[in-house]
Each structure stands twice: as C-alpha cells, then as structure tokens.
Amino acid sequence: MKHCMLIGIGPGHPDFLTLQAMAAMRRVDVFFLLEKAGRGKDELLALRRDIMRRVRPDGGYREVRVPSPPRPRAVDLDGAAYRAIVADWHAEKRRIFAELLTRELGDGETAGLLLWGDPLLYDQTISMVEAVVRTLPEPVQVGVIAGISAVQVLAARHRIPLNRVGESVQIITGREAETVDPAQVHNVIVMLDYNASFRRFVGQDMEIYWGGYLGGDDEVLVAGALDEVLEELLRVKARLRAHKGWLMDTYLLRRRVQGAD
Ligand SMILES: C[S@@+](CC[C@H](N)C(=O)[O-])C[C@H]1O[C@@H](n2cnc3c(N)ncnc32)[C@H](O)[C@@H]1O
C-alpha cells in the first residue's frame with residue numbers, strides 16, 4: 001500500500017508547524033514540491049525546503065520538484081467562464097498528482113505534500129488527490145494534517161477575535177468581494193484578492209484589519225477605519241508588490257457597531 005500525507009505547514013514561517021505536522025513529515029519518504037511560476041517562486045520553495053531540513057536534519061528523504069500550473073486569476077471573467085478555466089487548472093493538477101503517485105512513489109512508501117496554511121481552506125489539493133487516488137490501480141491511503149491558516153495568524157497579530165459576541169464571520173475571495181453588496185457585509189475575511197477589493201467598502205463605516213506576508217519575517221500590518229487608512233493601504237500594497245514582485249494578503253472587514261466588543 002502507498003501512503004500520501006497532505007500536510008498543512010502554516011502561512012510562511014516554520015514556527016507555525018504543529019507537532020502533528022512534524023510527526024507526519026518524519027514518516028515521509030518522498031516530498032513532492034510543486035513549484036509555482038513567478039517572482040515569489042524561489043522564496044516559497046526555499047521556505048518549504050527550510051522546513052524539511054529543520055524537521056529532517058539528517059535527510060533520508062527524496063525530493064521531486066515539478067512545475068505547478070499557475071492559478072487562474074481572471075477577475076474580469078463571469079462565473080461560468082471562470083469555473084471553466086479553474087476546471088482546466090484542476091485537471092492539469094490532477095494529471096500531475098497521478099503521475100507523481102504512480103511513478104515517484106514505491107509500494108510501502110509515504111509521499112508528503114507540504115501545503116500552505118491550512119489545507120482545508122481555499123486549497124483543493126485534498127479533493128484533487130482523493131479523486132486521483134480513486135482512479136489509480138494500486139491503493140493509496142491519504143492522510144490530512146490540518147494547519148494554522150493565514151486567517152488565524154491575521155486575527156492573532158491584530159489581537160482580535162474573528163467574531164464579536166453572537167456574530168458570525170464569513171470568509172470570501174477577492175472575486176466575491178468585487179460583487180457582494182457592501183451594505184450586507186458585517187464581518188468578513190477576504191483572501192485571494194488580486195484587486196484591492198476593499199476599495200468598494202469605503203463610506204460604509206467599516207474597519208479593516210489587513211496583513212501582508214503574515215507570519216513571515218517581512219510581515220506588514222495595517223488597521224483602522226477603512227476610510228482613513230485606504231490611501232496608506234494602497235501605497236503599502238504597491239510598495240510591497242514592487243519590492244518583492246509578489247504579495248499575499250488577507251484582511252478582515254468589520255462594520256463598526258456602537259458598544260460592540
Ligand atoms: C490559495 S489560498 C491558501 C490559503 C491557505 N490554505 C491558508 O489556510 O491560509 C492563498 C491566499 O491565502 C492568503 N494567505 C496565505 N498565506 C498568507 C500570508 N502569509 N499572509 C497573508 N495572506 C496569506 C492570501 O489571501 C492568499 O491569496
């Protein structure tokens with residue numbers, strides 16, 4: 001029997017590894033590293049390899065690196081067109097996982113995929129690998145290790161709970177933030193925002209808690225009334241993106257409520 005561990009590694013610093021993630025990594029014979037294209041590629045790969053060396057200082061594992069097809073952004077496409085390109089992207093990734101599990105993993109061995117943040121949030125690797133495994137002739141047992149997500153680190157860094165008393169919290173993409181009615185938003189986390197979609201919420205009596213490169217050595221935080229910090233936030237984002245060539249950010253938009261805690 002082959003084994004495949006999908007391991008959440010937290011959002012950008014080895015300190016976020018859980019004991020469970022470290023134990024799973026110690027069982028791995030071969031790490032599959034899917035390399036994204038673009039300017040952040042080397043940094044993101046270096047981080048995962050640093051984590052591997054820290055947990056496995058004596059080595060004893062193989063490493064297989066494959067280019068990862070780029071995530072479609074296409075904020076301008078309508079829902080159906082967007083879903084179609086995401087389906088193509090997933091099909092290509094499933095093809096890669098099938099090849100890796102067939103050719104690069106021996107019987108009795110364990111493969112490890114180190115997944116950013118928490119693999120249960122805005123990451124379809126679990127469903128893709130599960131779908132692939134159902135098609136393979138030999139059995140592969142899949143295991144999932146939850147991780148700390150960028151959402152949790154955002155809240156911790158700003159020293160706020162995710163929800164106020166009795167309130168719910170929603171997690172949406174930048175794509176959704178582009179179309180949602182701002183008047184309906186009370187307490188929402190936005191991820192995968194390639195467009196500074198928080199601009200749509202100006203004049204709505206909102207607070208924003210923003211974090212870039214959360215958990216990493218370059219972490220940047222901005223918080224305040226959205227109308228007041230908007231210009232600063234746009235400047236910070238532009239500067240960071242120009243400096244590193246890539247930016248991962250997450251933010252909470254929260255409607256101000258008199259007397260709320
Ligand atoms: C594909 S999703 C993966 C989320 C990940 N599974 C998690 O639990 O954090 C990528 C998005 O997560 C957020 N993200 C991930 N790491 C981050 C970080 N270190 N700082 C800020 N946002 C981050 C950003 O919104 C980014 O666009």
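Start in this predicted model by selecting Val30. Its bridge partner in strand 4 is Ala111. Val30 opens strand 2, residues 30-35, which runs parallel to strand 4 and is joined to strand 4 by two bridges.

**Strand 4 and its partners**

Select residues 110-115 next. This is strand 4, and five of its six residues are buried, so the rest of the structure largely encloses it. Now add residues 2-8, which make up strand 1. Strand 1 and strand 4 pair in the parallel sense, over six bridges. To see one matched position, pick Met5: Gly112 of strand 4 stands opposite.

Go back to strand 2 and look for strand 3, residues 62-67. Six bridges join strand 2 to strand 3, and the two run parallel. Label Leu34 and Val66, which are bridge partners across these strands. How many of the six residues of strand 3 are buried? The count is zero, and strand 3 is hardly covered. Strand 4, by contrast, has five of six residues buried.

**A loop stop at Gly106**

Select Gly106, in the loop between helix 3 (79-103) and strand 4. Is Gly106 buried or exposed? It counts as exposed, because it has 10 C-beta neighbours inside 10 Å, and the cut-off for exposed is 12 or fewer. Now draw a distance from Gly106 to Asp88. The two are 18 residues apart in sequence, and their C-alpha atoms are 28 Å apart in space.

**Two domains**

Colour the chain by domain. Domain 1 covers 2-145 and domain 2 covers 150-255. Their centres, taken over C-alpha atoms, are separated by 27 Å. The contact between them takes 13 residues from domain 1 and 16 residues from domain 2. On the domain 1 side, the residues touching domain 2 are five nonpolar, six polar and two charged.

**The sheet in domain 2**

Switch to a cartoon view and find the open sheet of five strands. Their order is 6-7-10-8-9, with mixed pairing. The edges are strand 6 (170-173) and strand 9 (220-225), each of which pairs on one side only. On average, neighbouring strands here are turned by 15 degrees against each other, direction ignored.

Next, isolate strand 8 and strand 10. They pair in the antiparallel sense over seven bridges. Pick Gly211 and look across to strand 10: Thr250 is its bridge partner.

Two helices are worth showing against this sheet. The first is helix 7, residues 226-244. Helix 7 lies across strand 8 and strand 9, and runs at about 160 degrees to strand 9.

The second is helix 5, residues 150-158. Which residues of helix 5 are buried? Select Ala150, Val151, Val153, Leu154 and Ala155. The buried residues of helix 5 pack against strand 6, strand 7 (187-191), strand 8 and strand 10. Step past the end of helix 5 to Arg159, whose phi is positive, near 55 degrees.

**More positive phi values**

Most residues other than glycine have a negative phi. Two loop residues on either side of strand 8 deserve a click.

Asp205 sits in the loop between strand 7 and strand 8. Its phi is positive, near 60 degrees. Asp205 is exposed, because 12 other C-beta atoms lie within 10 Å.

Tyr213 is in the loop between strand 8 and strand 9. Its phi is also positive, near 45 degrees. Is Tyr213 buried or exposed? Tyr213 is buried, because 21 other C-beta atoms lie within 10 Å, where the cut-off for buried is 20 or more.

**The ligand**

Finish at the ligand. Show its surroundings: 21 residues, of which the closest are Gly117, Ser149, Ala150, Met191 and Leu214. Ala150 was also among the buried residues of helix 5. By class, the shell has 10 nonpolar, eight polar and three charged residues.

Keep the domain colours on for this view. Domain 1 and domain 2 each give at least three residues to the shell. Then bring back the strands. Strand 8 (206-212) and strand 10 (249-255) each supply at least two residues of the shell. These are the strands that pair over seven bridges in the antiparallel sense.

Conventions. Residues numbered from 1 in each chain as written. Predicted model: local features only at pLDDT ≥ 70, side-chain atom pairs only at ≥ 80, totals over all residues. Near = placed C-beta within 6 Å. Helix = DSSP H or I, 4+ residues; strand = E, 2+ residues; numbered from the N terminus. Nonpolar A, V, L, I, M, F, W, Y, C, P; charged D, E, K, R; others polar. Domains from an automatic or database assignment. Contact = placed C-beta atoms within 7 Å. Pairing = 2+ DSSP bridges. Axes fitted to C-alpha atoms, helices over the stretch in contact; angles between N-to-C directions.
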